[in-house]
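Visitor: I have a structure open here and would like to talk it through. Could we begin with the overall picture?

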Amino acid sequence: MKALIIGQIHPDALLLLKGKVSVISMSQAEFDVVDTMDCEVVVFRTFNPMFKIQLDKMPCLKYAVLCSVGLDNLDAVEMKYRGIELIAVPGTNANSVAEHVLYLLFSLLREDPKRLFAELR
């Protein structure tokens with residue numbers, strides 16, 4: 001089985017995949033200029049669109065793995081019509097989101113602690 005990774009995923013996940021399937025990795029820009037790919041699995045993220053034009057490039061596609069939250073970057077109806085199983089893994093970026101919230105909180109506290117607590121009331 002061949003898996004296409006569009007963009008980057010965690011190195012540990014990539015190692016796990018490489019032990020199970022044949023992995024092809026490429027950037028979104030590289031994928032945009034490809035005519036066809038003979039992969040059964042595609043792994044993509046929020047900033048990688050997966051609409052009819054992208055699905056047409058992968059006629060053998062069986063599984064689409066979305067490593068993100070939200071479905072606004074894909075055509076779920078078209079995937080269902082083609083028999084492609086959509087696998088969403090929300091929460092994969094939960095730690096990053098929590099770290100970003102803490103960063104913003106500390107940034108606000110550094111600027112003006114009184115303002116922050118006034119906005120929380």
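Visitor: How much of the chain counts as buried?
Guide: This is a predicted model. Of the 121 residues of the protein chain, 29% are classed as buried.

Visitor: What radius of gyration does the protein chain have, and what would a compact globule have?
Guide: The protein chain has a radius of gyration of 19 Å, whereas a compact globule of 121 residues would have one near 14 Å. Along the principal axes, the C-alpha atoms fill a box of roughly 60 × 30 × 25 Å.

Visitor: How many helices and strands are there, and in what order do they run?
Guide: The protein chain contains 6 helices and 5 strands. Starting at the N terminus, the order is β-α-β-α-β-α-β-α-β-α-α.

Visitor: What share of the contacts comes from residues 24 or more positions apart?
Guide: Such pairs account for 33% of the contacts in the protein chain with a separation of 6 or more.

Visitor: Turning to the interior, which residues touch the most other members of the largest nonpolar core?
Guide: That core has 18 residues, and those touching the most other members are Leu 4, Met 37, Val 42, Phe 44, Met 50, Met 58 and Met 79. Strand 1 (2–6), strand 3 (41–44) and strand 4 (63–66) are the elements that give two or more residues to this core.

Visitor: And what does Met 50 touch?
Guide: Leaving aside residues up to four places away in sequence, Met 50 touches Ile 6, Val 42, Phe 44, Leu 55, Met 58, Asn 73, Leu 74, Asp 75 and Met 79. There is also a second, separate core of 8 residues, which includes Ala 3, Ile 9, Val 21 and Val 41.

Visitor: Now the surface. How much area is exposed, and what do carbon and sulfur supply?
Guide: The protein chain exposes about 8200 Å², and carbon and sulfur atoms supply 60% of it.

Visitor: How many charged side chains of each sign are there?
Guide: There are 13 positive and 15 negative side chains, and the centres of the two sets lie 4 Å apart.

Visitor: One residue to finish with: where is Glu 85 found?
Guide: Glu 85 is in strand 5, which covers residues 85–88.

Visitor: Why does Glu 85 count as partly exposed?
Guide: Glu 85 is classed as partly exposed because its relative accessibility is 45%, and this class lies between the buried limit of under 20% and the exposed limit of over 50%.

Visitor: What does Glu 85 touch?
Guide: Not counting residues up to four places away in sequence, Glu 85 touches Lys 62, Tyr 63 and Ala 64. Ala 64 is 21 residues from Glu 85 along the chain, and their C-alpha atoms are separated by 6.2 Å.

Technical notes: Residues are numbered from 1 along each chain as its sequence is written. This is a predicted model: local features need pLDDT of at least 70, side-chain atom pairs count only at pLDDT 80 or more; totals for chains, interfaces and linings use all residues. Side-chain values use heavy atoms; hydrogens and water are left out. Helices (H or I, at least four residues) and strands (E, at least two) are DSSP runs, numbered from the N terminus. The radius of gyration is taken over C-alpha atoms; the globule rule is 2.2 Å times the number of residues to the power 0.38. Buried means under 20% relative accessible area, exposed over 50%, partly exposed in between (1.4 Å probe, protein chains only). Contact means heavy atoms within 4.5 Å. Accessible areas come from the Shrake-Rupley method with a 1.4 Å probe; for residues, only the protein chains shown count as cover. Lys and Arg count as positive and Asp and Glu as negative; His and the chain ends are not counted. The place of a charge is taken as NZ of Lys, CZ of Arg, CG of Asp or CD of Glu. A nonpolar core is a set of buried Ala, Val, Leu, Ile, Met, Phe, Trp, Tyr and Cys residues joined through side-chain atoms within 4.5 Å.
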